[in-house]
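Here is a friendly walk through one protein chain, written for a reader who likes to check contacts and angles. Please keep the viewer open as you read.

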Amino acid sequence: MDEILQAPATSGVIREARGLIELPRLLLRFPVLARQPRGNREPVMILPGYGAGDGSTAILKIYLQLLGYRVRGWGLGRNLGEVADLLPRILKRLASFSRRSDHQTVTIIGWSLGGYLARELARERPDLVRQVITLGTPVIGGPKYTVVAESYRKRGIDIDAIAAEVEWRSNATRLEIPVLAIYSRADAIVAWQACIDRKTPNVEHVEVKTTHIGFGFSPDVYKIIALSLAQTRGSRQTSTDAKSEDSRGTRLRRRHRTNGAKA
């Protein structure tokens with residue numbers, strides 16, 4: 001994959017401004033979106049991308065709440081990309097959310113780096129997760145195939161070591177939870193090829209026409225998410241008790257000493 005993959009050019013970032021047109025499109029298509037299948041208080045957790053917080057996913061959260069899902073953000077402020085520290089903290093919140101939702105398994109939606117975190121949570125605690133939905137998430141290379149790759153190199157960060165860590169995690173523990181990977185060839189932040197997961201046995205890829213910024217506001221993405229949530233209702237509905245998350249959190253820190261992927 002290294003031979004055909006490369007980070008997007010920084011000159012293309014200006015195209016991300018087109019993502020702003022998704023907001024008026026979202027308003028125009030809201031009557032259709034409001035008629036999508038409704039939930040029954042199934043739990044959904046949404047994780048933001050690198051540099052963003054719960055505010056970036058607020059509209060998606062409101063939409064899913066209107067459909068009848070029990071939705072929460074991650075509640076950890078801005079996502080600064082410290083994967084080794086973040087995963088144990090999110091794991092505790094995931095376990096708590098499942099318990100407070102009558103021990104139902106949780107669907108995790110992650111935007112960009114948030115999707116990487118979602119996948120690692122599902123890899124570590126499959127008993128707590130019903131499904132993972134990723135939005136423009138690089139599953140190959142971490143930041144290596146993102147527009148920030150060069151800036152990381154200039155700061156002395158070994159992105160090849162991070163890429164190796166991501167690869168090691170993928171090979172060491174296979175992800176068994178169903179994954180819906182939404183990607184776009186118009187993404188100017190993350191190389192779309194890096195979003196293609198060729199190792200997870202139960203993964204579905206769906207291509208949309210939007211920018212990286214547009215993932216969070218695209219009516220097409222919202223409809224895909226709503227339909228996917230409806231299709232997985234009732235599957236793996238009950239989780240086991242959220243046991244030993246503290247010890248698991250310690251292991252997570254050890255496994256992500258290189259800080260995983262930032263994107």
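## A tour around helix 5

Leaving aside residues up to four places away in sequence, Thr 134 touches Gly 110, Gly 115, Arg 119, Leu 180, Ala 181 and Ile 182. Thr 134 itself belongs to strand 4, which covers residues 129-135. Is Thr 134 buried or exposed? Thr 134 is buried, because its relative accessible area is 3%, and the cut-off for buried is under 20%.

Please bear in mind that this is a predicted model. The chain contains nine helices and six strands. Of its 263 residues, 56% count as buried. Among contacts with a separation of 6 or more, 82% join residues 24 or more positions apart.

### Helix 5 and its surroundings

Two of the residues that Thr 134 touches, Gly 115 and Arg 119, are also listed among the buried residues of helix 5. How many of the twelve residues of helix 5 are buried? Twelve of the twelve are, so helix 5 is largely enclosed by the rest of the structure. The list includes nonpolar side chains such as Leu 113, Leu 117 and Leu 121, and also the charged residues Arg 119, Glu 120, Arg 123 and Glu 124. From its first C-alpha to its last, helix 5 reaches 17 Å, close to the 16 Å expected at 1.5 Å a residue.

Helix 5 crosses two other helices that are worth a look side by side:

| Helix pair | Axes come within | Crossing angle | Residue classes in the contact |
|---|---|---|---|
| Helix 4 and helix 5 | 10 Å | roughly 65 degrees | ten nonpolar, no polar, one charged |
| Helix 5 and helix 7 | 11 Å | roughly 35 degrees | two nonpolar, one polar, four charged |

The crossing of helix 4 with helix 5 is right-handed. On the helix 4 side, the contact is made by Val 83, Leu 86, Leu 87, Ile 90, Leu 91 and Leu 94. Helix 5 answers with Leu 113, Tyr 116, Leu 117, Glu 120 and Leu 121. The one charged residue in this contact is Glu 120. An α-helix has 3.6 residues a turn, so residues three or four places apart point the same way.

The crossing of helix 5 with helix 7, in contrast, is left-handed. Here helix 5 contributes Tyr 116, Glu 120, Arg 123 and Glu 124, while helix 7 brings Val 166, Arg 169 and Ser 170. Tyr 116 and Glu 120 therefore take part in both contacts.

### Helix 4 and what follows

Helix 4 runs over residues 83-100. Its end C-alpha atoms are 25 Å apart, which agrees with the 26 Å that its 18 residues should span at 1.5 Å a residue. Its buried residues include Val 83, Leu 86, Leu 87, Ile 90, Leu 91 and Leu 94, which are the residues named above in the contact with helix 5. Others on the buried list are Ala 84, Pro 88, Ala 95, Ser 96, Phe 97 and Ser 98.

Just after helix 4, Asp 102 takes a positive phi of about 60 degrees. Farther on, Thr 105 sits in the loop between helix 4 and strand 3. Which side chain does the side chain of Thr 105 meet in a polar contact? The partner is Arg 130, at 3.2 Å. Thr 105 is buried, because its relative accessible area is 1%, under the 20% cut-off.

### Two more residues to visit

Ala 163 is a residue of helix 7. Ala 163 counts as buried because its relative accessible area is 13%. Apart from residues up to four places away in sequence, Ala 163 touches Gly 141 and Lys 144. The C-alpha atoms of Ala 163 and Lys 144 are separated by 6.7 Å, although the two lie 19 residues apart along the chain.

Arg 78 lies in the loop between strand 2 and helix 4. Arg 78 counts as exposed because its relative accessibility is 55%, and exposed means over 50%. Even so, Arg 78 touches Gly 51, Ala 52 and Gly 53, not counting residues up to four places away in sequence. A polar atom of the Arg 78 side chain lies 3.2 Å from the backbone oxygen of Gly 51. The C-alpha atoms of Arg 78 and Ser 56, 22 residues apart along the chain, are separated by 9.9 Å.

Key. Residues numbered from 1 in each chain as written. Predicted model: local features only at pLDDT ≥ 70, side-chain atom pairs only at ≥ 80, totals over all residues. Heavy atoms only, no water. Axes fitted to C-alpha atoms, helices over the stretch in contact; angles between N-to-C directions. Left-handed = near helix turned anticlockwise from the far one by under 90°. Contact = heavy atoms within 4.5 Å. Buried < 20%, exposed > 50% of the residue type's maximum accessible area, 1.4 Å probe, protein only. Polar contact = N/O pair within 3.5 Å; in protein donor to acceptor, adjacent residues only side chain to side chain. Expected span 1.5 Å × (residues − 1).
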